[in-house]
Amino acid sequence: MLHRIFITGGAGFIGSHLAERFLKEGREVTVLDNLSTGRLSNVKALQALAPERFRFVEGCATEPNVVAPLVAESDAVVHLAAAVGVRLVVEQPIHTMRTNIGATETVLDAASAAGVPLLYASTSEVYGKSAMLPFTENADLVLGPTSIARWGYAASKATGEWMALAYGAERDLEVTIVRLFNTVGPRQLGRYGMVLPNFVKAALRGEPLRVFGDGQQTRCFAHVKDVTQVLGGLLDEPAARGSVFNVGNDVEVSILALAERVCAVAGSDSEIQLVPYAEAYGHGFEDMRRRVPSLAALEAALGYRPRTGLDEIIADLICVLA
Ligand SMILES: NC(=O)c1ccc[n+]([C@@H]2O[C@H](COP(=O)([O-])OP(=O)(O)OC[C@H]3O[C@@H](n4cnc5c(N)ncnc54)[C@H](O)[C@@H]3O)[C@@H](O)[C@H]2O)c1
């Protein structure tokens with residue numbers, strides 16, 4: 001098991017859960033985060049958990065002078081720092097592209113120079129509008145036009161994948177790429193357009209649940225505790241290096257059905273409203289209708305996959321948000 005783990009973006013939602021898992025396994029964790037969407041409260045909880053094995057560095061993952069020494073003293077890197085969330089991506093496209101491509105280049109440079117293996121967090125968004133379901137890692141990626149800001153996120157993450165594989169090919173960097181599908185759980189913030197925390201908060205307050213479009217678009221939701229188990233497993237698995245893995249749950253639910261499920265589990269009589277995409281994100285927004293991963297590669301590599309059910313995920317969120 002790799003012992004000293006460096007996590008960029010470790011004050012965020014997935015990063016803080018991953019850091020917590022590693023600390024509970026007895027590893028040392030260093031987190032670099034600029035707290036743009038991450039939270040100091042996440043850092044403080046990690047500090048309290050294992051003060052002697054946890055270190056937080058507030059700073060930017062695009063800065064080589066900050067990143068390189070932290071990478072060099074680690075046994076492995078998990079690169080999660082990114083501009084994330086549909087709303088943020090649409091409203092701040094320059095920030096999105098610069099952060100996602102710039103930070104990835106900086107971290108790849110440092111990891112290849114130090115000879116440290118790296119896990120890169122990509123996204124299911126890279127499949128874009130592909131209709132080849134379920135999505136397999138070697139399938140074509142079908143992105144929309146450059147005039148539509150949301151595809152900039154997918155393009156920046158796909159560029160990161162190409163960069164990571166290029167560093168593997170040319171500089172022998174041991175890199176594992178994960179395409180995360182919708183990951184949910186405690187600590188996820190709703191304010192950047194994350195659907196489930198927004199639904200749960202609205203249901204608990206008796207406010208309307210705003211479903212964008214006709215609500216028939218589908219997604220698959222995985223609990224963050226399952227996802228971090230997979231990320232830890234892949235990081236420790238040398239045979240996984242050089243490969244791309246879908247990571248998530250493969251149980252499909254429409255967003256309208258999700259809203260209904262949240263109301264049922266929360267015992268809420270909140271109204272469910274259909275809101276046109278243009279009202280939510282401005283004109284020219286595009287969404288994908290279905291997004292379902294094939295988890296065959298992940299199961300072959302690790303022998304397990306995320307499996308917490310939707311009702312349990314919703315109930316867990318209700319517990320922390322109530
Ligand atoms: N949550 C999901 O469903 C999901 C799905 C697909 C991919 N991902 C990927 O997983 C990773 C983590 O996402 P998350 O959901 O935990 O989001 P998050 O916003 O909670 O985490 C991102 C973290 O990166 C930090 N960060 C951003 N720019 C930085 C910079 N320049 N320097 C240092 N830190 C910086 C933020 O402050 C935040 O703590 C991201 O790379 C994201 O693209 C997440």
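**Pro 134 and the cis bond**

I started in the loop between strand 5 and helix 6, where Pro 134 lies. I was after the peptide bond in front of this proline: Leu 133 and Pro 134 are joined in cis, with omega at about -10°. I keep in mind throughout that this is a predicted model.

**Another backbone oddity**

Next I looked up Leu 35, which sits in the loop between strand 2 and helix 2 (40-49). Its phi is positive, about 60°, although Leu 35 is not a glycine.

**Overall build**

I stepped back to get the whole protein in view. I noted 12 helices and 13 strands. Along the principal axes, the C-alpha atoms fill a box of roughly 55 × 45 × 40 Å. I then checked the radius of gyration: a compact globule of 322 residues would have one near 20 Å, and the protein has 19 Å, so the two agree.

**Around the ligand**

Which residues are closest to the ligand? I found Gly 9, Gly 12, Thr 37, Gly 38 and Ala 82 at the top of the list, within a shell of 28 residues. Helix 1 (13-24), strand 2 (28-33), helix 5 (93-114) and strand 5 (118-123) are the elements that give two or more residues to this shell. Helix 1 gives the most, with 3 residues. I also sorted the shell by class and got 14 nonpolar, 13 polar and 1 charged residues.

**Helix 5 against helix 6**

Helix 5 turned up in the ligand shell, and I followed it to its packing with helix 6 (residues 150-171). The angle between them is about 15° and their axes are 9 Å apart. Angles under 35 degrees count as roughly parallel, so helix 5 is roughly parallel to helix 6. I logged the crossing as right-handed.

For the contact itself, I listed the helix 5 side as Pro 93, Thr 96, Met 97, Asn 100, Ile 101, Thr 104, Glu 105, Leu 108 and Ser 112. On the helix 6 side they meet Gly 152, Tyr 153, Ser 156, Lys 157, Thr 159, Gly 160, Met 163, Ala 164, Tyr 167 and Arg 171. The class count for this contact is 8 nonpolar, 8 polar and 3 charged residues.

**Helix 1 against helix 8**

I went back to helix 1, the top contributor to the ligand shell, and asked what it packs on. Its axis comes within 9 Å of that of helix 8 (residues 224-235), and the two cross at roughly 65°. This crossing is right-handed. Phe 13, Ile 14, His 17, Leu 18, Arg 21 and Phe 22 of helix 1 meet Val 224, Lys 225, Val 227, Thr 228, Leu 231 and Gly 232 of helix 8. By class I have 7 nonpolar, 3 polar and 2 charged residues in this contact.

**Helix 9 against helix 12**

My last pair was helix 9 (residues 255-266) and helix 12 (residues 310-321). Their axes come within 10 Å and cross at roughly 60°. That makes helix 9 oblique to helix 12. The crossing is right-handed.

How many polar residues does the contact of helix 9 with helix 12 have? I counted no polar residues, against 7 nonpolar and 2 charged. From helix 9, Arg 261, Val 262, Val 265 and Ala 266 take part. They meet Leu 310, Asp 311, Ile 314, Ala 315 and Ile 318 in helix 12.

Note on methods: Residues are numbered from 1 along each chain as its sequence is written. This is a predicted model: local features need pLDDT of at least 70, side-chain atom pairs count only at pLDDT 80 or more; totals for chains, interfaces and linings use all residues. A residue is near a molecule or strand if its C-beta atom, placed from the backbone, lies within 6 Å of it. Helices (H or I, at least four residues) and strands (E, at least two) are DSSP runs, numbered from the N terminus. Ala, Val, Leu, Ile, Met, Phe, Trp, Tyr, Cys and Pro count as nonpolar, Asp, Glu, Lys and Arg as charged, and the others, Gly among them, as polar. Axes are lines fitted to C-alpha atoms, for helices over the stretch in contact, and angles run from 0 to 180 degrees between N-to-C directions. Angles under 35 degrees count as roughly parallel, over 145 as roughly antiparallel, 65 to 115 as roughly perpendicular and the rest as oblique. A crossing is left-handed if the near helix is turned anticlockwise from the far one by less than a right angle, and right-handed if clockwise. Two residues are in contact if their C-beta atoms, placed from the backbone, lie within 7 Å. The radius of gyration is taken over C-alpha atoms; the globule rule is 2.2 Å times the number of residues to the power 0.38.
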